[in-house]
Each structure stands twice: as structure tokens, then as C-alpha cells.
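User: Hi! Could you walk me through this structure before I set anything up?

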Amino acid sequence: MFGAVFAAEPWEDPSVNRINTEPAHAYCVPYRDAAEAAAGKTSSRVRSLNGTWSFKYCSSLSAVPDGFYELGKEYSGWDVISVPGNWQLQGAYDPPVFTNIKYPFDPDPPHVPSDYNPVGLYKRSFTVPVGWEDLEIFIRFEGVQSAMYLWVNGCRVGYHEDGMLPAEFNITPYLSGETNELAVQVLNWSDGSYLEDQDFWRFSGIYRDVSLYALPKTHVRDFELYAEVDGDMHDAEMKMNFDLRNSGAERSDCRVRVTFRDPSGNMVFVCESARVHVPAGRETAVGMSRRVADPVKWSAETPVLYSAVVELLDAKGRVLHALSQPVGFRRVEIRDGLLLVNGQPVKIKGVNRHEFDPYTGRYVTPEFMLQDILLMKRHNINAVRTSHYPNHPAFYALCDRYGLYVMDEANIESHGLWEKEYYVGECPEWKTAIVERNKDMVERDKNHASIIFWSLGNESGVGPNFDAAYAAVRETDPQRRPIHYESQNPAYAQAMTRYDIISTMYPDFDRLEWLYNGDRMRPMIICEYAHAMGNGVGNFRKYWDLFYTDERMQGGFIWDWVDQGLRSKDETGREYWNVVNYSDGANADDGLVNPDRTPQPEIHEVKKVFQNFNVKEVDVHCGMFTVMNDNYFISSEGVALHWSILENGSEVVSGVLDRLNIASRSAELVRIGFDRGLIRRENEYHFNFSFRTKAADAALPADYEIASEQIAFDFLPEERWIVPDDSGHTLQVSEGQKGLVVSGADFSIGFDATEHVVGSLIYNGREMLTEPLRPCFGRVPTDNDCGGGDGSYYARWKKAGYFDYKIEPVSLRTVEVSSSQMDVYVLNRLVCKEGYILHEAVYSVCADGRIMVENTFEIDDRLPPPARIGMTLALPAHYDEVEWFGRGPYESYADRKEAAFVGIYSGRVADQHFDYVMPQENGNKTDVRWLRLKSSRGRVLAVSGDGNLLDFNVQDYDDQELFDSREKHELKRGVKTCLHLDLAQMGLGGDDSWSPRVHKEYVLANKVYKYGFTLKGE
């Protein structure tokens, strides 16, 4: 399958990853002087080359025009393209491909196809800015995938691969006059592609920023600015190390000056190095340190940044150039089996995040990055894993500023090789690439406070090459931050992971227990869990009930943050969500937010489970509770506790506690006074709590809810019905060709003669049904429902025949209970493909218009557990408003409902739909006491549970329309109103999306189900 290594070209030689590039170094922006650096805005020493470039697409290297890079070569037949950007999204070139495991070509490492390997040719001219005449001029490509050659003025400058780290070249020797010309050749695939087999869209091109920057002959080439906080978490030593380079022909004498300020801009210190002699053409290192007394510590909860402005001075004290760097004082270590940040065993409440924009692909603007970070902060997410590659440098700066813990991950994944037992970690020819990708990541990102651990890559197996990478990271990082790596040989082996952190992916609870007990000297942090594909994240609370039991279970990273859905166009030019993985079947919609960053309903559950303020009941009737502050570094001083009591879903009393004073990791007993006479046994009551910010900060607005809780009073209301006034009302029964009809004074209910289902429901002379009331056992499959191939829940439902069962009527009879009640007994056999369901229904028709329905379903042993136990009907489209007493306001399911509180909610039927990018089951409501469907014409259908709570789902389309829209990319809405009335739906699951893993308590595995509800028209 795989050929021997043969290095004819660098793009097929794993040992050659760059030619004539600059050594990796800490990211920074060079400035002319300290004032410009302190302002931190536009630098006179940087010029962006983003914008429009000339572009030519070639299907392979053999199709590249000879000498295309030559100076002044005409651009005949070339297109124009935006940089940054991916060429697959900017014209009729090769299409974007989404794949998880399989390579987009037949693997033969390190070779790539020669007959078809698209190449992008880029050209543009630029003018050297005035004032740069005596400076060294560099070009920096922040990201080019997968490999690139650079020419300047027709001269080849160099080569680079590793599509997620910068390519920098000193182009000074190649410049000629004011106007110069760049040419770039980008290969779609190179040997580097074998290490870039991540679960994402495969894009190509210059997709991150391109810029020129200028430095004096003697300059700071690299630097380290970091704090060593003492073990008692009080004082700190500020470390400042610089590599000075002299590109000139003579020795340079210089000094480094650092001006250090606190977050308010007050001076902390100014220090200056001794004079340093830098030989011509060489580098010299210089270091300094200063003691800082009791600095404010950085954490995700308290993202406090100091600032350092660095100046390089010549022998006469003149400023050669300057740079600036935010600095966070924090201590990261593993001690006694715990990952500690500033001495605290923080829980990692994280997400994996791909860089993704639905229109521009891998190119993500800083504004979009900030939107991601603010959404995370506002949903109690405190950590990000940069899966599975280093992100744009701007993202780390934002994490520093707004407060997120970062696991910075190297651009290494060879999933498709790993599965076939080709282990890049064991092959000597891949050592250079694996080590360099890790080392260069650390060099670039080492000064960021937000990065508290590194990751060597993902799903590539293990071996000596990763041991070498671990050693290189350890040597390169002056802070010696912990190092993570999860993979094993062979693929998916259930073995103990190596290095500093115990990790795994998508574990069951037995696996977590085994890992925890297998090594008590390391923290356990799960790099991927709670696979959030589509409508999912079921049983999320169960993970965290476990994680909260022990400090060494320190959380993990949800997979993942954003759906990777592209906004593509069909042949008519109409946009649609492109999310299907045609390569190996795992679709692209596995985020907590939609591609446009619309939060999905499941993120409310994540926010609730992750919240850091919690309430436990001591005695709800006396208003006595324990309030816990689970933050590690901040008190409750900035939070007000709003409370209210609901009676039958409506607020009857409320108040605010705005002087909470609970220290971090502490709890207090709180008593809330209220009139206990308000509580009456015949009603249902809930105590609601809402923790809200008193003032705005960088991430959260004022009065923003950061945590919430609902506690029910521990008694249920007495079951009661208002006794109807039936004086003068009688019921009539008639039977004709169309079926049985029971009529009252102003209503009637009709039973179809063929199937004995309720086909007509008339109130005040108006028909309410457009489709009959029928049993329903299926649902439009979620992504999780489809996981597992022929063994998936959806495949089993379809094979069993739940979606197209036939009704065989057995019997229909009436019993007159009284002059004001007639019971209709219906027995039907619901014939499925693999068995049958016996459905016995009793319709108690009352003279006041109430129709009480009692259902019994007996499920054949041959049938699998269904998706739901319930009934469905359709009404005219003008029933377009809904009100309910149950969980809301957003959707909820049996295994994902903690964040949806019980109350009275209302809204448009159309708004109950959530637009998942892959159409699927959505909008369900659980624990419903009653609901009212309201017509714009003044009519109402009222429904209540009879001795049981209900699930309901109301939409302005039917299930078939929703299912068909998966391929049609258009959902026909507003023709009718469809209502599901269920005893229960199966849970959503969420452990993973490729195997049937709904937890057993949320599977409808019983063989007999009974439930009831009451209908009444108004």
C-alpha cells in the first residue's frame, strides 16, 4: 500500500519542511518606537498585503505555466482572488471536500498524486514604504495550505510547509527599487498533507494574513516574557529573555530596555540590560529579571494583563525598534496528581474549536474570533482546545484578554494512516516534521498567559518521534507547561495515555473509572467527549456529576464548538447548508453553535451544568438554601441573586439579594423570607434563582444571567377538575358510512370507519383537524439516531416499520357512562414490518366538550424500542400561537432538560422550530402539564395531561416535510400546524454520534405503556 521514502522534491520529503525561511520565534508586531508600541495600533513598520491578488488555477504541477513567476510576465487568462481566502470558495475550481478519516487521495506516503494535485498560482506587486530603505524587510504568511514556494522579482526565495504555522522569509536581497513583484505557488497536497488529516473541510490557498514588516539590521529576533509566580502565590519573578540578531557587516553594541506597567497603566518598573555586543551575522542572548510584589494573578476568571514595552537601543541610546507584549501573572503546574493554576485544581469546562467561517472557510476574521470567545464566556465555557492545529495568533491574544484556558495543539493528525497501522510516530522519516511542528508552535505562542498546556497532535499513534517532540516542547517552553497527547497504537487501543495528562476520547463510565484508578499521579482531562452533533448533548449532567466527585477528574473538552456547515449554492444559485461528509460518513454539524454562530438549544444545558454558582435545598418551605460559589478565584461580590416563587407556573412573589459575600470555593446558608401563607396545597410551586452580574465587564453585560436554578416544593398539587355544568346537555351517538360520531351541544368527535382513528373534531361548527389523531412511534432522525449503520436507532426503526405501519381495526364500541359522558373503546392492531403494537384507546366524551383519551400500547417483543410513545394530529395553519405550562422556553428532551425550567411560556408556532443545519427532530417540550394552541381566528385547542406529564412538539410543517428537506434543502412551512402529544420521547444521547449510545434510562424499552390526555376546543 505504501511506497518507500523518496525525496525528489521537498513536497514529497518529510525531512524537508522549509527552505530559506526564518527560524520560528514568538509572535509580535514590530514598532518604530515605544510610543507606537504602547498605543498598540497601526505600526509604521508593518504593511498588509491582504487584498486582491492575481490567481491562476492548475489541475497539477505539470499544468503550471513555465516561468509564471518571472518579473513582468503577463497575467493573460488569470483570475483575481481575495487573500486571505481559500480558492475552493472563490470560483469554479476544485470543490471543497469534507472528510474525517479518509485522505482525499489514495495514500502512498510520502508521495502525493501527480496527475491531479491542484496548484494555485498567486501574483501581486507591492511598493516598499518610504522610510524602510535601510531596514531588513521580511514577508510573513500566517497560514498557507498545504505547501508553498515564494518568488520575489522572479527569484526563488524559499519553500515552506505546515499549513497552520507562519512562513517567514527575509526578502531584502531580492528587492529592486520601489515596486516589486511577488509570486507564490501553493500545492493542494504535499507530504505535509499526511500530517493534516483532521476532521474538517479540506481547503487550500493563502488563507491567513500576509504582511511585510521591517526591522533594523540589529533587532530582537525572539523573546520570552513570562512570570514565575512563587509557590505561595504571592510575589513573582518577571523573566525577560531576548535573542538579538545582527544582520549587518559590523559588530553592533546595544541594550534592551523594558517598561512594565500594571493593568491601570501605572509604572511597575523600568529595567535596562547591560551593553550587549552582537557580532556581525550572529545572534546574542541577553536576559533580565525583576521581582514584582503581589501582582494581580491571571486566570480565566480574572484575565488581568500587565503590559511590557520592549525597546532595543543602540550604543548611543537611540531606539532601533520596539515591541509590546501583554503579560499575565500565573503559575501552572502538576502537583500531587492535579493540574494547578495559581495553586487551584481548576475544572476544565472546555470545547474543541475549529477555525471556520461558513462563507470564507478557514479564513476567520478577528471579529468572528471575538464572537466565539464572548459566546463561550457567556455560556460558562472556560477553556478551548485548538483542535487540531495552532490557530491564528490573534485568537490567543483574545483568549489572554477575555480569559480562556487554552490547550494549544500541534498541526499533526494522520488518522487515515493510523487506522491502517502506519504509525508516523514510529517511522524515522517523519521525526523531523513531527518535532518541528511542535517546537515551532511553542516558539510562536510561548508568551501567551492563556496557554496552560500543549498538545502534541491528535489521532496519529505513538512512538519515538512523539517522545522526541515531547522532549523538544519541554526544552523550548521556558515555563515547562504540561504536555498532553491522547493517541495510542494500534488505533483506538484502550490503554493508559502517555506524558503529563491522562486523556481519552468518548469514554463510557467504566473507561473513566479505569483511567482514574490506573494512575493516581496525573490529572485526568478528557480531550474529546459529549459529541455535540446535531440535536444532542444528552446526559451531559452525568459526566459532570462524576467529574465533581474528585479533584483529579478535571473535566474535558466537548466536541465541538461550531458546526462546519458551508453556505454553498445549488445549480439555481440558491444557498443551502453543505454539511454532508460523503467520504466517510461523519457529517460536519457537530457544534454547539450553528456555522453563523447562532447558539443551539443544547448550549443552554452546557451553560447550566458548567455554572459556578449553585443552589441546594435545605428546606424550600422555609426559604432555606445553601448557595455555593464554585469559582476558584473570585467571590460573589459582583453578583446579585434574583429569586421568585412560581404558583402553577406564574410568579407570585420575587426579590433580590444583592449583598452576597461568598468567597471562592465556599458556600453559605441563605434564608429567603417570604409569606408562607402564599403556599397552598392545591397548587404547584417552584422556587427560581437567577445569578446576574451587577456591572458589565469585558465579556459580560450588566444584569446578565450567569447561573440559575429551579427547586420544586416537595408536594404535588391535588388532582382536580372543575366540575362542568351539564344541565340541559346531552350526548348523541350516530353511525354511518364514514364512521361513528359522538355529538354534544356545540361539538362532535368522529371516528373513521376504516381505521377507527379520530378523523374529525368539530367545535362551534368548525372543524379543527386537517389530519386524524393517530399513534406515532418514530421521529425525524437526529444525527445521533443515524449513528451505527444498520445497527443505528433510525435503521432499526425503519426496518421495524414504525414509520409506515398499517392499522387493522379490531373493535370499536361505546358505553354510556352517564347522561353527560360517553366512552368509546377502540382496539386496533398496528401492523409493523417486524411485529405489531396493540393499541387500546378509551375516549371519554363529556357533554361539556372535554374528550379524555386514555391510551395503552402493548409492543411486540420482536420490535425495537421506539423513538416515541404518542399520538399526532394536524390542525389548520391559523393555529399559529402556543402557550404551555411545562419546561421551556426552548426545546428539551428526557436526557437534556435541566436548563429548561418549568413555567408558563408562549410564542408563535413557527418559533418553536430550530434550524439545525442538518434537518432533524427539534422543538420538543417536556414535563408539560397543559398547552393551548391558539388560532388567529379566535379558536383554541386546549390539552392537558391526565395523571401524567406530557411531551409535546408543535410545528408549522409535518415530519415528512422536515425529513425531505434534508436533501431538498428547502422546508415547506405554514401549510398546517402539526402537533405531537407524547408520553415520552427517547433521549438524544451524546456520548458519541457513531454508535447507539442513548443511556438505558432514556430508552423506551418497556413493552407496555399507558398515558392519557384531555382535549377541548374553545
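Analyst: Happy to; we can begin with the whole chain and then go to single residues.

User: Great. What kind of model is it, and what was left out?
Analyst: It is a predicted model, in which local features need pLDDT of at least 70 and side-chain atom pairs count only at pLDDT 80 or more, while totals for chains, interfaces and linings use all residues. Residues are numbered from 1 along each chain as its sequence is written, and side-chain values use heavy atoms, with hydrogens and water left out.

User: How many helices and strands are there?
Analyst: The chain has 11 helices and 60 strands. Those are DSSP runs numbered from the N terminus: H or I over at least four residues for helices, E over at least two for strands.

User: And the overall dimensions?
Analyst: The C-alpha trace spans about 115 × 70 × 55 Å along its principal axes. The radius of gyration is 33 Å, which agrees with the value near 31 Å for a compact globule of 1018 residues. That radius is taken over C-alpha atoms, and the globule rule is 2.2 Å times the number of residues to the power 0.38.

User: What share of the residues is buried?
Analyst: Buried residues make up 61% of the 1018. Buried means under 20% relative accessible area, exposed means over 50%, and partly exposed is in between, with a 1.4 Å probe and protein chains only.

User: And what about the surface and the charges?
Analyst: About 37800 Å² is exposed, with carbon and sulfur atoms supplying 48% of it; the areas come from the Shrake-Rupley method with a 1.4 Å probe, and for residues only the protein chains shown count as cover. There are 106 positive and 152 negative charges, and their mean positions are 3 Å apart. Lys and Arg count as positive, Asp and Glu as negative, without His or the chain ends; each charge is placed at NZ of Lys, CZ of Arg, CG of Asp or CD of Glu.

User: Let's zoom in. Which residues of α8 are buried?
Analyst: In α8, residues 540-547, the buried ones are F540, R541, Y543, W544 and F547. They lie on the same side of α8, because they cover an arc of only 155° around the axis. The arc is that of the directions from the helix axis to the C-beta atoms.

User: Why would such spacing put residues on one side?
Analyst: An α-helix has 3.6 residues a turn, so residues three or four places apart point the same way.

User: What does that buried set pack against?
Analyst: The partners are β26 (348-352), α7 (509-518), β31 (524-529), β32 (553-558) and α9 (602-610). Contact here means heavy atoms within 4.5 Å.

User: Which residues does E898 touch?
Analyst: Leaving aside neighbours within four places in sequence, E898 is in contact with R541, E605, K608 and V609. R541 is one of the buried residues of α8. E898 itself sits in the loop between β53 (879-888) and β54, partly exposed at 24% relative accessible area. E898 and K608 are 290 residues apart in sequence, with 7.4 Å between their C-alpha atoms.

User: How much of the contact map is long-range?
Analyst: Counting contacts between residues at least 6 apart in sequence, 73% join residues at least 24 apart.

User: New topic: backbone oddities. Where are the cis peptide bonds?
Analyst: One joins P109 and P110, with omega about 5°, and P110 is in the loop between β5 (97-99) and β6 (119-127). Another joins W559 and D560, with omega about -15°; D560 belongs to the loop between β32 and β33 (566-569).

User: Which residues have positive phi without being glycine?
Analyst: R480 is one, with phi near 55°; it lies in the loop between α6 (464-476) and β30 (483-484) and is exposed, at 51% relative accessible area. D927 is another, with phi of about 50°. D927 is in strand β55 and is buried, at 15%.

User: Last one: is A874 buried or exposed?
Analyst: A874 counts as buried, at 0% relative accessibility. It is in strand β52 (868-876), and beyond residues up to four places away it touches M768, L769, T770, E771, K976, T977 and C978.
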